Amino acid sequence: MVVVSNRVAVATDTKARAGGLAVAIQDALQQSGGVWFGWSGKVVPKTPSEPTLHEAGPVTYATLDLSRKHYNEYYNGFANRALWPLFHYRLDLTAFSQEHYSSYLEVNKLFAGHLLPLLEPEDLIWIHDYHLIPLGEQLRRSGITRPMGFFLHTPFPALEILTALPSHRSLVQALCAYDLVGFHTENDLRAFLDYIVHEAGGGIMGNHLIHAFGKTLRVEIFPIGIETDAFEKGGASLSRSQKTESLRSHPHGRAWIIGVDRLDYSKGLVERLLSFECFLDRYPEFKGKVTLVQIAPPSRSEVPEYREIQRMLETHAGRLNGRFAEFDWVPINYLNKSYQRQELIQFYRASRVGLITPLRDGMNLVAKEYVASQDPEDPGVMVLSRFAGAARELDSALIVNPLDFEGVADAIARGLTMPLEERKERWNGMMETLRGNTLNTWRDDFIEALRQAPYE
Ligand code: ADQ
């Protein structure tokens, strides 16, 4: 198997071993043997002539440094200032530049060129995410005919949004060079099919097959899961740890509300703080009794919109704490850093409410992690945005519109006062889904579907 993603988690990286997608992919590669190819995360003055190879048993990790120019134009430019905001419905933040698009194509071509010599005749090729949409098409141009699959981790936007991008047609055409294209939700798939039928003049053939741009491919939903078992066990083994005890000994009992997100405008963090302000105004009886713990490590700080969202959050968190705090209570603990998984589980488990309110999210794994970490005998309540892919599966959460601050405020209050029986019932419903569809199921289902290619 050959996996290509923008970033590669080399197995010796102990942080990556902590779990998640990286480990699921490493495990699959260990079983089948293969290559994981992508950007090293390093930026250098000039593009290196060869990738760096690192052998670990049957797996070769091949990583390429990016030149400063490519980093600025491909990664920060087209991927993160055009595709990311557009795919998250933020036309207002979408900055398209022909130069950045050319760099995006150039890096994809460069990746294809370096990947070719590493390919073996029977390989299955699995490419991940919006940075690498044209990679499959580049490989096809070099004569590669073997099965290639692509999984999009972000939402796929509605036709009217996507067509605002000048290069929309060539991007979708590139997607059609794959044998298999996977999305998180029915919504994303529907938006893609809408484009195929109404913009590309393609056709839906049934049985997950479509025909477009002279190619037949399979398109399907594969909602990503988590390592449910690890979070359940982690939660159970930690329930008496010192940290959980100290978190639980909140002066007014267990009244933490938790948010955990990369600091990204798609996560609805400013709107979340405004909803929390609305909650304190509407339900003053909770003043002094609940604290919102918002964990948000900075990401993509070289992109101006990310510096701006960080500044706005600091302003609002400071303003709210100034407005409501007492000498012995602050309403918001705003933590700008990363935590180990075990620590996150402690935060999740100690929190009465999980407040997960992205404006748009492909899936949102934090939602799933929060639920799986709960104490089955005393589970917390999740308030979840309807715009997170996870809301499709976890429909016994309290589903909210993150732009309806009063609605979110009411859901927080409902979560804080929900009777144990109802909490258990909702939690059991969600756990059934999470146990049935884990990270490994997602991975194995995708690989199995790819193995069946070509589908004609
Ligand atoms: P992300 O946008 O990064 O992922 P998410 O799905 O929530 O969003 O995954 C974040 C991961 O990072 C979670 O596993 C979480 O535990 C971890 N994390 C977040 N904050 C952390 C912190 N402070 N310390 C440590 N770990 C932290 C993209 C898409 C999503 C999609 C995933 C997977 O944007 O929609 O669900 O890929 O496909």
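Let's start with N108, a residue in helix α4, which runs over residues 98-115. This is a predicted model, so keep that in mind as you look around. Is N108 buried or exposed? It counts as buried, because its relative accessibility is 0%. Apart from neighbours within four places in sequence, N108 is in contact with Y74, H131, L132, I133, P134, L135 and Q138.

Now step back to the whole chain. It splits into domain 1, made of residues 2-225 plus 439-451, and domain 2, made of residues 228-436. Taken over C-alpha atoms, the centres of domain 1 and domain 2 are 30 Å apart. How many residues of domain 1 touch domain 2? There are 27 of them, in contact with 22 residues of domain 2.

Both domains matter when you turn to the ligand: domain 1 and domain 2 each give at least three residues to the shell around it. There are 21 residues around the ligand, and H153, Y339, D361, L365 and E369 come nearest. Sorted by class, that shell holds 11 nonpolar, five polar and five charged residues.

Here are some polar contacts to oxygen atoms of the ligand.

| Residue | Part of the residue | Distance to a ligand oxygen |
|---|---|---|
| H153 | side-chain N or O atom | 2.6 Å |
| G362 | backbone N or O atom | 3.0 Å |
| N364 | polar backbone atom | 2.9 Å |

On its own, the ligand has 720 Å² of accessible area, and the protein covers 81% of that. Which elements give two or more residues to the shell around the ligand? They are α13 (341-350) and α14 (365-372). Of the elements, α14 gives the most, with three residues.

Helix α14 deserves a second look. It is mostly covered, with seven of its eight residues buried. Those buried residues are V366, A367, K368, E369, Y370, V371 and A372. One of them, E369, is also among the residues that come nearest to the ligand.

Just ahead of this helix is N364, in the loop between β14 (351-356) and α14. You met N364 in the table, where a polar backbone atom of this residue is 2.9 Å from a ligand oxygen. The side chain of N364 has a contact too: at the start of α14, one of its oxygens comes to within 3.0 Å of the backbone nitrogen of V366. N364 counts as buried because its relative accessibility is 7%. Its backbone also has a quirk to look for: phi is positive, at about 90°, although N364 is not a glycine.

R300 is another residue with a positive phi despite not being glycine, and here the angle is near 45°. Where is R300 found? Look in the loop between β12 (291-295) and α12 (304-324). Why does R300 count as buried? Its relative accessibility is 17%, so it falls under the 20% cut-off.

One last stop is further along the chain. A453 and P454 are joined by a cis peptide bond, with omega at about 0°. P454 sits in the segment that follows α18 (439-451).

Methods:
Residues numbered from 1 in each chain as written. Predicted model: local features only at pLDDT ≥ 70, side-chain atom pairs only at ≥ 80, totals over all residues. Heavy atoms only, no water. Helix = DSSP H or I, 4+ residues; strand = E, 2+ residues; numbered from the N terminus. Buried < 20%, exposed > 50% of the residue type's maximum accessible area, 1.4 Å probe, protein only. Contact = heavy atoms within 4.5 Å. Near = heavy atom within 4 Å. Polar contact = N/O pair within 3.5 Å; in protein donor to acceptor, adjacent residues only side chain to side chain. Areas by Shrake-Rupley, 256 points an atom, 1.4 Å probe, with all protein chains shown as cover. Nonpolar A, V, L, I, M, F, W, Y, C, P; charged D, E, K, R; others polar. Domains from an automatic or database assignment.
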